[in-house]
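Visitor: I've got a two-chain model open and I'd like a walk through it. Can you take my questions as they come?

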Amino acid sequence: MHVAELTPWRAALAERSRAQSTAAQGVYIHVPYCASRCGYCDFNTYTPGEIDVESHAYLLAAAAEIDHARSLWRPGHIDTVFIGGGTPTLLSATDLTDLLRRVDDSFGLADDAEVTVEANPDSVDQHVLDQLREGGFTRISFGVQSLAPHVLAVLDRTHSPGRSLEAIAMAQAAGFEHVSADIIYATPGETDDDLAHTVSALLHTGIDHLSAYALIVEPGTRLANDVRRGLIPAPDDDVAADRYQIIDRLCAASGLSWYEISSWAKSGGECRHNLGYWRGGDWWAVGPGAHGHRDGLRWMNAKHPRAYTERIWADGDAVVETEIISQAAIDMERVMLGLRLREGLAVGAVTPDKQDQIDLEVAAGLLVRVQDRIVLTDAGRLLADGIVGRLTS
Amino acid sequence: MPLPGQTDPAMIRNFSIIAHIDHGKSTLADRMLQVTGVVDGRHMRAQYLDRMDIERERGITIKSQAVRLPYTGLDGRDYVLNLIDTPGHVDFTYEVSRSLAACEGAVLLVAAQGIEAQTLANLYLALENDLQVIPVLNKIDLPAAQPEKYAAELAHIIGCSPEDVLKISAKTGAGVPELIEEIVALVPAPMGDADGPARALIFDSVYDSYRGVVTYVRVIDGQLSTRERITMMSTHATHDLLEVGVISPDPVASLSLGVGEVGYLITGVKDVRQSRVGDTVTSHHRGATTALGGYRDPKPMVFSGLYPLDGSDYPLLRDALDKLKLNDAALVYEPETSVALGFGFRCGFLGLLHLEIVRERLEREFNLDLISTAPNVVYDVTLDDASVVTVTNPSEFPTGKIATVSEPVVRATVLAPAEFVGAIMELCQTRRGTLLGMDYLSEDRVELRYTLPLAEIVFDFFDQLKSRTKGYASLDYETQGDQVADLVKVDILLHGDPVDAFSAIVHKDKAYAYGVSMAGKLRELIPRQQFEVPIQAAIGSRIIARETIRAIRKDVLAKCYGGDISRKRKLLEKQKEGKKRMKMVGRVEVPQEAFIAALSTTEAVAKK
């Protein structure tokens with residue numbers, strides 16, 4: 001590898017790495033592969049012909065990227081690691097564990113580090129889960145989406161409903177401290193009962209975390225095509241609002257409370273890695289299309305796995321986009337992200353000219369004041385974008 | 001060849017061509033320029049006489065034009081033919097009548113596909129002006145032409161024999177030399193008092209940025225000479241004649257214009273209002289005491305609000321209207337403010353095409369993006385105390401006790417194949433029409449005459465007519481006074497606040513339908529707000545229709561992880577930008593696009 005030139009990104013990063021950051025430090029590793037692409041998905045993921053061949057090149061590049069990052073990023077220690085996708089569990093448990101060991105070698109994991117891997121219920125078995133747990137993973141998040149077969153069909157998911165519950169049980173048997181499920185709601189064809197059954201059955205397994213997303217029709221997806229051609233009705237906003245309230249009620253009854261707009265957890269089950277995003281933490285990005293952040297500097301790697309590996313071998317990093325966030329944007333993000341959290345936003349984070357607006361939102365029943373913080377009400381959680389818009393200039 | 005100012009009236013033939021769009025008038029004019037040798041083949045271009053881009057593109061003549069064609073006849077004598085072009089549209093009937101008044105003859109040019117309503121109307125005008133009409137059938141070269149059939153129809157209409165109908169192809173030139181000879185033979189030479197005080201009829205005036213106003217005249221009596229002082233008889237304004245001349249086909253200055261001659265005057269004035277179509281020009285010194293008659297002030301019939309899409313373009317729009325006005329004596333406008341649309345102008349037009357042309361010129365020549373409100377006519381509202389309010393904008397409709405409302409009516413003529421009579425009658429019925437009469441022009445072509453409220457015509461009548469008759473029907477109308485009708489103003493209220501741009505004056509029987517359709521449309525177009533928004537249609541304080549925009553319950557719920565933050569922030573920033581462009585109607589935020597969409601779907605301007 002030749003000596004890398006000083007790109008604007010490297011310069012900005014070096015400047016920020018001189019001092020020790022006080023924020024939480026994370027590493028996000030993106031695995032850009034799936035066995036098949038789901039119709040609603042617009043993530044940066046690819047369906048390789050031969051996963052072994054393609055992932056080999058990816059793993060070498062990701063390892064090189066982590067090694068190289070050592071010279072650029074001195075986080076002190078890493079609080080959280082999150083391997084997401086795509087479908088990380090398309091890689092072998094050994095490969096995933098190796099990636100984790102590299103992160104530890106380069107940066108040093110904190111003793112109590114939270115280490116999450118996303119998994120598809122289809123792509124794990126007891127042996128793999130045991131290996132992952134032994135290899136240092138502490139948390140697993142399953143992409144369940146729904147337990148209703150006709151809903152899974154609309155979403156193009158390949159797993160059977162029963163498989164999700166089995167996978168969760170296996171992860172618990174493997175000794176994962178934290179097991180989470182992701183679900184999608186307000187899918188066309190889903191009923192209130194379908195959703196209530198999905199949530200209840202998942203909560204019954206004893207998971208300590210649930211993430212729930214309203215189905216969004218992203219432009220360019222197969223789902224968007226089907227909606228445009230009238231094959232599938234568009235998801236309805238009012239239905240989504242009703243379903244959100246069903247989820248919130250069922251979670252609360254099982255001892256999971258909301259800690260972020262789309263996330264519920266038992267006490268101690270909150271995802272610390274994701275909290276880092278919402279609280280303005282720093283994180284390093286590994287893999288194609290991954291985004292990193294350090295103290296107002298944000299960057300993105302080349303999206304396509306091949307472009308990514310080429311860049312890594314040529315330059316040591318694969319950064320294609322750099323954004324130095326302006327103070328105004330930082331202020332806006334702070335409101336946008338802080339308000340998503342149950343801990344809320346410090347009143348002082350809202351600029352003086354918008355302080356009066358806080359009272360209007362409180363009067364409208366969308367915000368409550370909790371000491372010197374403002375927190376979304378139940379109704380406010382559903383209307384957070386508008387509130388953020390009105391509280392920022 | 002005889003020179004301008006020294007031409008024996010006996011050798012002059014003044015004529016115009018009456019034709020419908022697409023029937024080949026400009027092509028025939030081109031061919032005449034070539035046959036008489038005024039323009040040689042090398043300099044020829046299609047539609048030589050049409051000046052504006054819009055004219056060429058749409059194939060219509062907005063302003064008339066007069067061209068002097070010296071011609072040596074088969075008899076060896078030198079003639080001067082003056083071809084006076086006429087505007088080709090119903091909105092400009094008055095201008096057409098003045099152009100025809102400047103002629104002794106008219107070529108009735110009909111393509112071998114049958115006569116159209118406007119052509120018929122202009123033919124009647126020509127006959128009223130005692131013009132010698134020469135019937136000509138064009139496009140006989142087309143494979144589908146049925147010359148015998150349409151020659152018979154033409155003959156039937158003007159009362160000649162089918163053999164008298166000349167058959168030509170303006171495109172190939174076939175029959176054009178014969179037509180010119182026919183004009184020489186049949187069109188009477190002008191007659192006038194060469195020694196009397198000068199009297200000349202203005203049949204057009206055009207603003208030219210270099211020369212000022214160029215006035216086209218036909219001299220009836222006496223002589224107009226360069227340098228003399230002239231008087232406009234309707235306004236008594238006097239000007240010095242800086243230049244007189246003829247167009248042949250480029251302007252050629254001359255010393256004077258004599259009896260029967262057609263040419264132009266330049267006085268240095270900058271505004272066509274000072275040189276009005278139909279007015280009589282005379283010498284200031286020992287001038288005529290009696291005008292030629294037939295002068296009329298242009299009267300706007302259709303009004304519409306014009307607003308710049310971008311509010312900061314308002315000064316540009318004002319300047320553009322000021323410029324257009326120089327060349328358009330019929331255009332009137334005054335500033336207007338709309339809650340929904342901001343600052344703009346209420347503009348008066350002769351008719352729908354006039355509106356459309358003005359709008360198109362503003363957009364094209366001045367690069368403005370405009371939104372226009374639904375066109376409306378002028379109403380006279382008589383109150384219980386007998387006072388009368390003239391309403392050119394629904395917002396001016398009085399709220400007090402109303403005794404009567406009167407609206408302009410037109411006498412409309414529709415020509416169509418006989419099979420569509422039922423469809424046309426049904427349409428006219430729903431538009432409050434009264435059938436005046438019906439005639440068969442030929443076996444399968446019918447002329448229907450109706451009295452219709454003008455307001456019903458400005459509201460997508462022509463599009464409806466075309467679609468119900470597979471495009472075969474043609475329409476002409478002329479104003480015919482006023483009638484008292486049961487008219488009401490329908491307001492559209494958003495969360496209790498009236499939205500001025502959507503108020504409309506409609507017949508009582510149609511108020512409900514208007515209210516329902518507008519409320520329904522707005523419900524689709526206005527985004528959900530934080531609170532429930534009723535949309536109501538009301539006559540006075542009485543609600544006649546209601547829709548509800550439910551309060552928004554959800555605007556979020558997408559995930560927002562590390563890779564989503566920038567995208568989400570930019571999305572919110574964009575939404576905030578969009579909000580800045582929202583118009584507030586009371587507490588309701590309405591995107592400008594909603595106004596535009598709601599107005600543009602109801603604003604169906606007749607395309608002709």
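What follows is a chat about this predicted model, one question at a time.

Visitor: Let's start with confidence. Which element of chain A has the highest mean pLDDT?

Guide: Chain A averages a pLDDT of 92, and 99% of its residues score at least 70. Among its elements, helix H1 (residues 8–17) of chain A sits at the bottom with a mean of 88. At the other end, with a mean of 98, is strand S8 (residues 263–265) of chain A.

Visitor: And the make-up of chain A: what share of its residues is buried?

Guide: Chain A holds 15 helices and 15 strands. Of its contacts between residues at least 6 apart in sequence, 72% join residues at least 24 apart. Out of the 393 residues in chain A, the buried share is 48%.

Visitor: There's a little sheet with S13, S14 and S15 in chain A. Which strands stand at its edges?

Guide: The sheet is open and antiparallel, in the order S13-S15-S14 (chain A). The edge strands each have a single partner, so one side of each is left without a neighbour in the sheet. Those are strand S13 (345–346) and S14 of chain A.

Visitor: How do S14 and S15 of chain A connect, and which residue in the turn has a positive phi?

Guide: Strands S14 (residues 367–370) and S15 (residues 373–376) of chain A run antiparallel, joined by four bridges. A:Leu367 has A:Leu376 as its bridge partner, and A:Val368 has A:Val375. The two strands make a hairpin with two residues between them, and the one with a positive phi, about 50°, is A:Gln371.

Visitor: Which helix lies across that hairpin's strands?

Guide: Look for a helix lying across both S14 and S15 of chain A. Its direction is at about 115° to S14(A). That's helix H13 (residues 355–363) of chain A.

Visitor: Over to chain B. In its six-stranded open sheet, which strands have a single partner?

Guide: The order is S2-S3-S1-S4-S5-S6 (chain B), with mixed pairing. The strands at the edges have one partner each, so one side of each is left without a neighbour in the sheet: S2 (66–72) and S6 (166–167) of chain B.

Visitor: Which residue stands opposite B:Asn14 in that sheet?

Guide: B:Asn14's partner is in S3(B). Strand S1 (residues 12–19) and strand S3 (residues 78–84) of chain B run parallel, with five bridges between them. The residue opposite is B:Asn82.

Visitor: What angle does helix H4 of chain B make with S1(B)?

Guide: Helix H4 (residues 117–128) of chain B lies across S1, S4 and S5 of chain B. The angle to S1(B) is about 155°.

Visitor: Which strand gives the most residues to the largest nonpolar core?

Guide: That core has 176 residues, and those with the most contacts inside it include B:Ala106, B:Leu108 and B:Val414. Seven of the core's residues come from the biggest giver, strand S24 (residues 402–417) of chain B.

Visitor: Which residue in the S31–S32 hairpin turn of chain B has a positive phi?

Guide: Strands S31 (residues 533–539) and S32 (residues 542–549) of chain B pair antiparallel over seven bridges. B:Pro534 stands opposite B:Thr548. Two residues lie between the strands, and the turn residue with a positive phi of about 60° is B:Gly540.

Visitor: Last one: how many charged residues are on the side of chain B that touches chain A?

Guide: There, 21 residues of chain B are in contact with 32 residues of chain A. The chain B side has eight nonpolar and five polar residues, and the charged ones number eight.

Technical notes
Residues numbered from 1 in each chain as written. Chains lettered and ligands numbered in written order. Predicted model: local features only at pLDDT ≥ 70, side-chain atom pairs only at ≥ 80, totals over all residues. Pairing = 2+ DSSP bridges. Contact = placed C-beta atoms within 7 Å. Axes fitted to C-alpha atoms, helices over the stretch in contact; angles between N-to-C directions. Core = buried A, V, L, I, M, F, W, Y, C linked by C-beta atoms within 7 Å. Buried ≥ 20, exposed ≤ 12 C-beta atoms within 10 Å, placed from the backbone. pLDDT = per-residue confidence, 0-100. Nonpolar A, V, L, I, M, F, W, Y, C, P; charged D, E, K, R; others polar.
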